[in-house]
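Welcome to the tour! Open your viewer, get your selection tool ready, and follow along one stop at a time.

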Amino acid sequence: MEISTARLKLQITRGLLYALIFVLAIACIVPFYIMIVNGSRTNEQINTGITLIPGSNVIGNIKTTLIITANINFFFGYVNSAIVAICATILSIYIASLTAFGFVFYEFPLKKVFFGFIMASMMIPAQLGLIGLWDLMLKFNLLDNLLALILPAGAAAFTVYFLRQYIRSVLPEYIIQAARIDGAHDLSIFHRIALPIMSPGIATMAIFAFVFNWNNFLWPLVVLTSTDNYTMPLMIAQLNSSLYARDYGAIYLMIALSIFPIIVMFAFLQKFLISGVSFGSLKE
Amino acid sequence: MKLQKKYIGLLFILPFFIFYFMFNLYPVFYTFFLSLTKWDGFADPELVGFDNYARLFTELGTRFMGMDKLDVPGEFWLAFVNTWRIWLPNIILQLVIALFLGVIFTNTRLRMKGVGFFRAIFYFPNLVTAASVGILALVLLDWQHGAINQIIHGPASNFTGGSYPPEFNILMNPIRAQFVISIIQTWQWFGVSMILLMAGMQGIPKTYYEAADLDGASTTQTFFKITLPLLMPVFTYVVVTSLIGGMQIFDIPYVFLRGTMQGQVGGATGKALTTMVYYLWQQAFGLTNPNFGYAAAVSYMLFIIIAVFAVIYLKMITRVSKGEA
């Protein structure tokens with residue numbers, strides 16, 4: 001008798017907790033769901049109230065989108081964002097891998113000082129050098145150029161830190177030594193042996209780098225001036241001006257289009273993402 | 001051969017440090033130099049010593065309260081207060097939700113199912129472009145056409161003239177507008193905090209809980225006496241990273257402030273959403289007479305503020321945990 005009441009109590013608690021968790025999960029999803037539903041409805045339908053059933057005006061809204069964004073080339077945003085995110089990711093990951101490899105397997109003068117720089121730069125707020133970096137790009141004549149968004153990615157301190165820890169846990173030194181005895185060159189050891197073994201860690205960091213560079217807002221806003229060079233977040237921020245006819249269906253659709261690549265990434269790669277997030281807390 | 005060997009490691013880290021010194025360290029130092037100048041972005045910077053910093057502390061703004069003219073702190077300090085009003089409710093809510101979920105999901109008696117699934121769902125809003133989230137929030141909160149008013153009040157056609165009365169415009173009230181951004185921030189970040197705190201909770205040895213169970217400790221006692229103290233390093237990591245990010249909040253306030261949708265955001269609300277980084281951006285890139293030197297000083301001031309509050313927090317935490325031991 002005693003046991004069964006305790007059990008019942010546990011069941012009730014569990015049920016209530018599931019209900020609560022479910023409400024939170026709904027809160028995370030519903031805004032996006034309304035976005036998709038309204039993105040497929042006409043302006044008039046949207047004004048009549050909300051519904052959970054998608055409409056049938058997707059084609060109409062795409063047409064409206066093309067018309068109202070004709071002067072800002074909304075779809076250039078995809079191309080620009082893809083160029084920036086892909087190039088920045090490759091640059092940051094390749095350089096960070098080299099650096100992490102160097103820190104783990106080599107001794108060299110001032111090693112501690114160099115590593116200190118990496119630790120310090122992880123604690124410095126990103127905006128601290130904003131004005132100076134803008135001035136540097138002005139001097140390089142790179143303002144309004146996508147290169148200004150790509151080049152700074154070459155110094156990704158957190159990625160170096162992460163990959164250094166990662167190499168230590170997956171790549172034992174004897175493998176490197178064995179390769180050296182076989183007469184392999186340092187750089188080819190890195191390319192042929194280290195990189196393949198590091199690839200899961202590299203994938204995790206690459207996804208974060210891609211998302212970060214895709215979502216980045218302040219720096220592109222400061223650097224880019226012509227709408228043809230705008231990345232997707234800048235394009236979407238433009239939507240919010242009185243310039244465009246208030247077609248809500250088209251606006252919802254454009255928001256949906258702007259985050260579509262992120263949704264796809266999340267659907268396929270969430271395991272990497274979540275394991276990458278929890279790494280942060282396990283540092284010490 | 002030996003000499004060469006000594007430098008191979010340096011060659012591996014060389015590319016990173018070229019980028020680092022050029023695009024990271026140099027701009028940080030050059031920003032400090034600029035903070036000591038008056039510079040409009042075209043002519044040569046003109047050295048003015050610490051004038052820009054003095055301006056941060058001495059400049060007063062004016063507000064009218066009825067007939068009375070009041071001297072209030074300058075724009076930067078108003079931005080400082082705004083940033084805190086947005087960050088503080090957000091971090092409190094976020095920690096409460098994240099800790100609660102973490103405890104439920106790691107509790108061995110409850111043995112909740114679907115943890116991986118919910119964790120993924122809660123994490124998702126964090127990935128979505130902040131600018132898109134901001135615009136989506138504006139459309140959902142749209143006074144006349146937004147889904148939120150439609151959910152709360154029913155369709156607009158129920159009201160006289162087929163439109164909602166002005167008091168339904170949530171964003172017209174500055175305090176509510178700030179709180180809307182706090183909620184959006186909580187919504188975007190509680191999943192991340194939960195993942196981090198959960199990882200920390202899973203690292204606490206099971207034997208502690210078993211011992212507490214044998215001693216007949218309640219769930220609340222176990223949480224405050226075991227979980228929370230042992231979670232402090234992760235908890236601190238979550239709070240400090242959130243502080244660093246929260247003090248630099250820009251994207252969503254920017255999108256809201258540029259929101260001219262039917263005067264949805266304007267006047268008082270606009271002032272209430274000017275955060276420190278928005279103010280910094282405005283001084284350099286949003287004015288017809290920009291002052292990059294002053295903006296650079298704002299950068300450094302913001303850095304100092306973050307550092308000071310991080311240190312205050314760490315001092316507080318060590319005092320509390322010493323008091324308990």
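In which helix of chain A is confidence lowest, and in which is it highest? Select helix α2 (residues 43-47) of chain A for the lowest, with a mean of 82, and then helix α7 (residues 147-150) of chain A for the highest, at 97. Confidence here is pLDDT, the predictor's score for each residue on a scale from 0 to 100. Helices are DSSP runs of H or I with at least four residues, strands are runs of E with at least two, and both are numbered from the N terminus.

**Before you go on**

This is a predicted model, in which local features need pLDDT of at least 70 and side-chain atom pairs count only at pLDDT 80 or more, while totals for chains, interfaces and linings use all residues. Residues are numbered from 1 along each chain as its sequence is written, and chains are lettered from A and ligands numbered from 1 in the order in which they are written.

**Stop 1: colour by confidence**

Colour chain A by pLDDT: its mean is 89, and 95% of its residues reach 70 or more. Do the same with chain B, where the mean is 88 and 91% of the residues score at least 70. Among the elements of chain B, look for strand β3 (residues 60-65), which has the lowest mean at 65, and helix α3 (residues 75-106), which has the highest at 95. For the complex, the predictor gives an ipTM of 0.91 and a pTM of 0.91.

**Stop 2: where the chains meet**

Show both chains together. The contact takes 76 residues from chain A and 77 residues from chain B; two residues are in contact if their C-beta atoms, placed from the backbone, lie within 7 Å. Now select helix α13 (residues 248-279) of chain A, which gives the largest share of chain A's side, 13 residues. By class, that side of chain A has 52 nonpolar, 19 polar and five charged residues. Here Ala, Val, Leu, Ile, Met, Phe, Trp, Tyr, Cys and Pro count as nonpolar, Asp, Glu, Lys and Arg as charged, and the others, Gly among them, as polar.

**Stop 3: the core**

Which residues touch the most other members of the largest nonpolar core? Select A:Ile255, B:Ile135 and B:Leu197, in a core of 158 residues. Helix α7 (residues 174-202) of chain B gives the most to this core, with 14 residues. Such a core is a set of buried Ala, Val, Leu, Ile, Met, Phe, Trp, Tyr and Cys residues joined through C-beta atoms within 7 Å. A residue is buried if 20 or more other C-beta atoms, placed from the backbone, lie within 10 Å of its own, exposed if 12 or fewer, and partly exposed in between.

**Stop 4: around chain B**

Hide chain A for a moment. Chain B has 13 helices and four strands, and 40% of its 325 residues count as buried. Select helix α3 again, together with helix α12 (residues 276-286) of chain B: the two pack at an angle of about 145 degrees, with their axes 8 Å apart. The axes are lines fitted to C-alpha atoms, for helices over the stretch in contact, and the angles run from 0 to 180 degrees between N-to-C directions. On the α3 side the contact includes B:Phe76 and B:Phe80, and on the α12 side B:Tyr278 and B:Tyr279.

Is helix α8 (residues 206-214) of chain B in the open or buried? Of its nine residues, the number buried is zero, so helix α8 lies largely in the open. Just after α8 of chain B, B:Gly216 takes a positive phi of about 75 degrees.

Bring chain A back and select B:Phe124 in helix α4 (residues 115-127) of chain B. B:Phe124 counts as buried because it has 21 C-beta neighbours inside 10 Å. Leaving aside neighbours within four places in sequence, B:Phe124 is in contact with A:Cys28 and A:Phe266.

**Stop 5: two loops in chain A**

Most residues other than glycine have a negative phi. Select A:Leu110, whose phi is near 60 degrees, in the loop between α4 (76-105) and α5 of chain A. A:Leu110 is exposed, with 10 other C-beta atoms within 10 Å. Finish at A:Asp144, with a positive phi of about 65 degrees, in the loop between α6 (130-139) and α7 of chain A. A:Asp144 is partly exposed, with 13 other C-beta atoms within 10 Å.
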